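Visitor: I would like to learn how to read the features of a model such as this one, step by step. Could you take me through it, giving the general idea before each case?

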Amino acid sequence: MPQRHSKNNNDLAFFTYDEKRKLGYGTQKERLGRDSIKPFDACCLCLKPFIDPLCCQKGHVFCKECILECLLSQKKDIQRKLEAHSAQQKQDKEEEEERLMLQKARELDAFDQQNHGAVPQYSDKNYNRDKNGFHGANSVKTTSFEEEALRTMKAFWLPSATPDAPVKVEAPSMSTICPEGREKLKLKSLFPVYFTEDTSELKKSKSLDKNFICPSCKVTLTNTVALMALNSCGHVFCKKCGEKFIAVDKVCLVCNKPCKERNLVNLGKGGTGFAGHGDHLEAKDFKHLGSGSGLGLVRPAMKT
């Protein structure tokens, strides 16, 4: 059955609703699969199985080398911004001193002309002396501000003569931040975490990959299992065992080290820049059609 005439009519000066749909106009949604979710045993920076993992107080796990390199680069960037801010402050101070010197020189020049000039001057501020020393209704009055504006005026219609806005360098923050949670992070607040590897003969014969289990209930750890770690000793448990035993007995089930309930840290679940962990794993892509053309400007995908 042929389509209706409204869908076949393509000689209009604007896009119809059906044409916009065929071009992908609007918000396109797609549910992300398992491949877009970071495994629980992968580094949040390199997205590879972690080596010598370190965890922050918010539960984000990184490779030791990755997080140290990240914090070092942040400190170098802070130092660079601090030097740029200091240089700008020095330049602003020099410009202010030069401006004060010029203003003082102009005041001395005006005072000298008023006391030694041949033409009498008026003390009334309503009379403005022009650059030739004449005043009155028929004289051309030009203030120092107007002279400065005329001398430095830019031809704003020419790209080469367009005035540049001064770039202000703000004072940088002196604290490093977590690359995953965006909160303040210090090196001394990181603690190592230790996962219990499954060493049973059945698991060894099936797969060459490492499988981790909870040392208490022996359940296999996956992305679907909520995990908790002790920042005092670094051992990792499932959340059920942590709330049921460790929070009550106040002792680690592996090394018997005394701990408190505040030492329990919830580890972050899988999720990358393409997807977040939770019930809404949808990627949205918005396409906006350009004016008078069939080409669209695609906005980057958003995560919900």
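Visitor: Which residue forms a salt bridge with Glu96?

Guide: Side chains of opposite charge can pair when their charged atoms come close. The term salt bridge is used here for a side-chain nitrogen of Lys or Arg within 4 Å of a carboxyl oxygen of Asp or Glu. In this predicted model, Arg99 pairs in this way with Glu96, and their closest N and O atoms are 2.5 Å apart. Because the two are three residues apart in helix H3, about one helical turn separates Arg99 from Glu96. Arg99 is partly exposed at 41% relative accessibility, and Glu96 is partly exposed at 36%, where buried means under 20% relative accessible area, exposed over 50%, and partly exposed in between (1.4 Å probe, protein chains only).

Visitor: Which residues are joined into one network by salt bridges that share partners?

Guide: The network consists of Asp77, Arg80 and Lys81. The side chain of Asp77 meets that of Arg80 with an N to O distance of 2.4 Å, and it meets that of Lys81 at 3.4 Å, N to O. Asp77 and Arg80 are three residues apart in helix H3, about one turn of the helix, while Asp77 and Lys81, being four residues apart in helix H3, are likewise separated by about one helical turn. Asp77 has a relative accessible area of 28% and is partly exposed, as is Lys81 at 36%. A search of the whole structure finds four salt bridges.

Visitor: What should I know about the numbering and the confidence limits before going further?

Guide: Residues are numbered from 1 along each chain as its sequence is written. Since the model is predicted, local features need pLDDT of at least 70 and side-chain atom pairs count only at pLDDT 80 or more, whereas totals for chains, interfaces and linings use all residues; side-chain values use heavy atoms, with hydrogens and water left out.

Visitor: How many helices and strands does the chain have, and where does Ala87 lie?

Guide: Helices (H or I, at least four residues) and strands (E, at least two) are DSSP runs, numbered from the N terminus. By that rule the chain has six helices and 12 strands, and Ala87 is placed in helix H3, residues 64–116. Ala87 is partly exposed at 45% relative accessibility, and its C-alpha atom is separated by 9.5 Å from that of Val169, 82 residues apart along the chain.

Visitor: What does UniProt list for residues 68–106?

Guide: An unreviewed UniProt entry lists them as "coiled-coil region"; such positions are given in the numbering used here, feature names are shortened, and annotations may be inferred rather than shown by experiment. In the model, residues 68–106 are 100% helix and 0% strand, with the end C-alpha atoms 57 Å apart.

Visitor: How far from Glu183 is the nearest side chain of opposite charge?

Guide: For this purpose Lys and Arg count as positive and Asp and Glu as negative, while His and the chain ends are not counted. Glu183, which is found in the loop between helix H4 (144–151) and strand S4 (191–192), is buried yet has no salt bridge, and the nearest side chain of opposite charge, that of Lys58, is 6.2 Å away. With contact meaning heavy atoms within 4.5 Å, and leaving aside residues up to four places away in sequence, Glu183 touches Cys56, Lys58, His60, Thr176, Ile177 and Cys178.

Visitor: Which residues other than glycine have a positive phi?

Guide: Among them are Asp52, with phi of about 50°, and Lys250, with phi near 55°. Asp52 is found in the loop between strand S1 (26–31) and strand S2 (53–55) and is exposed, with a relative accessible area of 52%. Lys250 lies in the loop between H6 and S9 and is partly exposed at 35%.

Visitor: What share of the chain counts as buried?

Guide: Of the 304 residues of the chain, 26% count as buried. Among contacts between residues at least 6 apart in sequence, 52% join residues at least 24 apart.
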